Amino acid sequence: METTIQERLDTINDRIQRACDRVGRDYREVNLVAVSKTHPPAIVSEVSTYGVTVFGESKVQEAKAKIAMCPGHLTWHLVGHLQTNKAHHAVQLFDMIHSVDSLKLLESLAQATDRAGKNIAACIEVNVSGEGSKYGIKEEELPGILEASTQFPHIDLVGLMTIPPWSEETDKTRRYFAKLRALRDRCRDDWNFPLDELSMGMSHDFEIAIEEGATWIRVGSSLFGSRETARPREEKSVPNSKF
Ligand SMILES: *Cc1c(COP(=O)(O)O)cnc(C)c1O
């Protein structure tokens, strides 16, 4: 069954509200990044008419073309892996980078912000599962990166981000979100580096992430529909079974 953007957004807001209620959190602590990768500017503009202002992209090239064609009041976050040689472009395009996954990248971003005279917010992506295929730093690298970040005047290190391994079993996923929160608490308690933000949770698991403390959820397909159907014509259009 086709649903409208308004209906999908209502459903997402409901899911956020119920997750907050379950753990006694204030709804306003949870921020939404609408992940618009693969979806055209017209859809972004439509979503923005319902009050969504923060959009996420995972590739610099795609974002560059898209952002220029979207309403100017929107804020853009990078949620995907960034190559150091594109740090300069990323700083021009985005206000927040969720996916800083190496000290080298943080240094490149710092240089780019110095040159651009622009501040950006950053989260450090941590590979809490230790899965080899994932981007993200190892936990033990974190104190060094926190320390280094104090040298970078235009980088505002605000939090941690993770993408857990995909699992049907919600309790497996929960363990990784809880781990990221514990690590955020260690930043404050053990390394004297308080961080506010936890970027965790996507379409299929953001309620669990909220229950475990997420302050930014990154939601794509639940809002925009599946990315398969967003591709140009060559595929026949399949009714979206997710809704
Ligand atoms: C695509 C993407 C999302 C959104 O995923 P959905 O499952 O479509 O909600 C969130 N975070 C990152 C890093 C992504 O690349």
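Let's start with Cys-20. Its sulfur sits 18 Å from the closest cysteine sulfur, which belongs to Cys-123, and that is too far for a bond. Keep in mind that this is a predicted model. Cys-20 is also buried, at 0% relative accessible area.

Next, Cys-187. Its closest cysteine sulfur is again in Cys-123, at 11 Å, so a bond is ruled out by distance here too. Cys-187 counts as buried as well, with 0% relative accessibility. How many disulfides does a search of the whole structure find? Zero. The cut-off for a disulfide is a pair of cysteine sulfurs within 2.5 Å.

On to helix α3, residues 60–67. Which of its residues are buried? Val-60, Ala-63, Lys-66 and Ile-67. They lie on the same side of α3, because they cover an arc of only 135° around the axis. What do they pack against? Two helices, α2 (41–48) and α4 (87–93), plus two strands, β2 (54–57) and β3 (75–78).

Now the ligand. The residues around it include Val-35, Val-79, Ile-163 and Met-202. Gly-220, Ser-221 and Arg-227 are also among them.

Three side chains deserve a look for their polar atoms. In Lys-37, a side-chain N or O atom is 2.6 Å from a ligand oxygen. For Ser-203, the distance from a side-chain N or O atom to a ligand oxygen is 2.5 Å. With Arg-218, the partner is a ligand nitrogen, 2.9 Å from a polar side-chain atom. How much of the ligand does the protein cover? On its own the ligand has 390 Å² of accessible area, and the protein covers 91% of that.

Definitions and conventions. Residues numbered from 1 in each chain as written. Predicted model: local features only at pLDDT ≥ 70, side-chain atom pairs only at ≥ 80, totals over all residues. Heavy atoms only, no water. Buried < 20%, exposed > 50% of the residue type's maximum accessible area, 1.4 Å probe, protein only. Helix = DSSP H or I, 4+ residues; strand = E, 2+ residues; numbered from the N terminus. Arc of directions from axis to C-beta. Contact = heavy atoms within 4.5 Å. Near = heavy atom within 4 Å. Polar contact = N/O pair within 3.5 Å; in protein donor to acceptor, adjacent residues only side chain to side chain. Areas by Shrake-Rupley, 256 points an atom, 1.4 Å probe, with all protein chains shown as cover.
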